[in-house]
Amino acid sequence: MEVIIRSTYEEMSKVGAQIVADVLNTKPNSVIGMATGSTPLGVYAELVRMHREEGLDFSQVTTFNLDEYVGLPTDHPQSYHSFMHEHFFQHVNIPPQNIYIPSGTTSNYNAFCEWYEQRILDAGGIDIQILGIGSDGHIAFNEPMSSLASRTRLKTLARSTIEDNARFFDKIEDVPIYAITMGVGTILEARELLILANGKNKAAAIAGAIEGPVTSMITASALQLHPSVKCCLDADAASELTMIDYYDWVQEKKPGAPRL
Ligand code: GLP
């Protein structure tokens, strides 16, 4: 895992966006795994800026979102469909037919989940998956004790996640209790993973995920099993890591490393 620490959220977001842009510039028809939440907003804003000012082209891109609340219609202001449209899709040139977001309103969740997994395979797999992390260490909506081999499925949200996400709703009772989410196993099949975290309230989860044992209690710790992970943090999110000196040393020495 490559751990990249920047002092501010803005700087962290720029690094994250550049990592995504590098994948896209190498492979214009990349398949990008998208995440919701406040964390990736800075990366999306920077990618939108690159699209507008530098011509970063999304016309051949396909996207798959990690998750969606069950029961919210796509046009509900707090659905992840609305979130993605508002913060990213309406500002770039991804063909609408190339955008996939799990359905929170299907009549057959099992069939939908199988279809979603098959669509990812048909698209050639995900080239880079963007991830945030929950304060309980979850990725997507893979709450503690989710199987590290899990696939796209229906999940019951943890109380702590419902409380964390209540800030986006009028009252906590309005937060959906169920979600449809890619599994940890699905996420681990992406060729490259980019996990982002900022703020003190993510510091414990990040320390557990990066430096703790691999455990389904912190599903983000499964990233330790993936050969190509970049972890972009601000200083607050990195504040409980014990190996910061080494991570900074690796970044500092990177330009001088022998070319493969
Ligand atoms: C939700 C999403 C996750 C996200 C997490 C953190 O639970 N399903 O994908 O990582 O929230 O959200 P935020 O970035 O707002 O802290």
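Isoleucine 120 sits in helix H4. This is a predicted model. At 7% relative accessibility, isoleucine 120 counts as buried. Leaving out residues up to four places away in sequence, isoleucine 120 touches Phe64, Gly125, Ile126, Met182 and Thr186. Its C-alpha atom is 9.6 Å from that of threonine 62, and the two residues are 58 apart in sequence.

**Aromatic pairs**

Phe64, a contact of isoleucine 120, also takes part in ring packing. A pair of aromatic rings is described by the distance of the centres and the angle of the planes. The count for this model comes to 13 aromatic pairs. One of them joins phenylalanine 64 and tyrosine 116. The centres of these two rings are 5.6 Å apart. Their planes meet at 85°, and the pair is edge-to-face. Phenylalanine 64 belongs to strand E3, residues 62–65, and tyrosine 116 to helix H4, residues 109–122, so the pair ties together parts that are 52 residues apart in sequence. Both partners are covered: phenylalanine 64 is buried at a relative accessible area of 0%, and tyrosine 116 is buried at 1%.

Phenylalanine 88 and phenylalanine 89 have ring centres 5.8 Å apart, with planes at 55°, so this pair is tilted. Phenylalanine 88 is buried, with a relative accessible area of 1%. Phenylalanine 89 counts as buried at 9%.

Phe64 and Tyr116 also belong to one aromatic cluster. The other members are Tyr100, Phe112 and Trp115.

**The loop between E6 and E7**

Strand E6 spans 128–131 and strand E7 spans 153–156. The loop between them holds alanine 140, methionine 145 and arginine 151. How buried or exposed is each of them?

| Residue | Relative accessible area | State |
|---|---|---|
| Alanine 140 | 10% | buried |
| Methionine 145 | 54% | exposed |
| Arginine 151 | 32% | partly exposed |

The cut-offs explain the labels: buried means under 20% relative accessible area, exposed means over 50%, and partly exposed lies in between. At 10%, alanine 140 is therefore buried. Methionine 145, at 54%, is therefore exposed. Arginine 151, at 32%, is therefore partly exposed.

Two of these loop residues have a backbone feature to check on screen. Alanine 140 has a positive phi of about 50°, although it is not a glycine. Methionine 145 is not a glycine either, and its phi is positive at about 80°.

Which residues does arginine 151 contact, leaving aside neighbours within four places in sequence? They are Glu117, Thr181, Met182, Gly183, Gly185, Thr186 and Glu189. The C-alpha atoms of arginine 151 and methionine 182 are 5.8 Å apart. Along the chain, these two residues are separated by 31 residues. Met182 and Thr186 are also touched by isoleucine 120.

**Helix H3**

Helix H3 covers residues 80–87. Its residues Tyr80, His81, Ser82, Phe83 and Met84 are buried. What do the buried residues of H3 pack against? The partners are strand E2 (31–34), helix H2 (41–54), E3, strand E4 (67–69) and helix H5 (159–165). E3 is the strand that carries phenylalanine 64.

**The chain as a whole**

The protein chain has eight helices and ten strands. Why does its radius of gyration agree with a compact globule? With 260 residues, such a globule would have a value near 18 Å, and the protein chain has 17 Å, so the two agree. Along the principal axes, the C-alpha atoms fill a box of roughly 55 × 40 × 35 Å.

Of the 260 residues, 54% count as buried. The chain exposes about 11900 Å², with carbon and sulfur atoms supplying 53% of that area. Consider contacts between residues at least 6 apart in sequence: 79% of them join residues at least 24 apart. The pair of phenylalanine 64 and tyrosine 116 ties together parts 52 residues apart in sequence.

The charges complete the picture. The protein chain carries 19 positive and 32 negative charges. The mean positions of the two sets are 4 Å apart.

Definitions and conventions:
Residues are numbered from 1 along each chain as its sequence is written. This is a predicted model: local features need pLDDT of at least 70, side-chain atom pairs count only at pLDDT 80 or more; totals for chains, interfaces and linings use all residues. Side-chain values use heavy atoms; hydrogens and water are left out. Helices (H or I, at least four residues) and strands (E, at least two) are DSSP runs, numbered from the N terminus. The radius of gyration is taken over C-alpha atoms; the globule rule is 2.2 Å times the number of residues to the power 0.38. Buried means under 20% relative accessible area, exposed over 50%, partly exposed in between (1.4 Å probe, protein chains only). Contact means heavy atoms within 4.5 Å. Accessible areas come from the Shrake-Rupley method with a 1.4 Å probe; for residues, only the protein chains shown count as cover. Lys and Arg count as positive and Asp and Glu as negative; His and the chain ends are not counted. The place of a charge is taken as NZ of Lys, CZ of Arg, CG of Asp or CD of Glu. Rings of Phe, Tyr and Trp (its six-membered ring) pair if their centres lie within 6.5 Å; planes under 30 degrees apart count as stacked, over 60 as edge-to-face and the rest as tilted.
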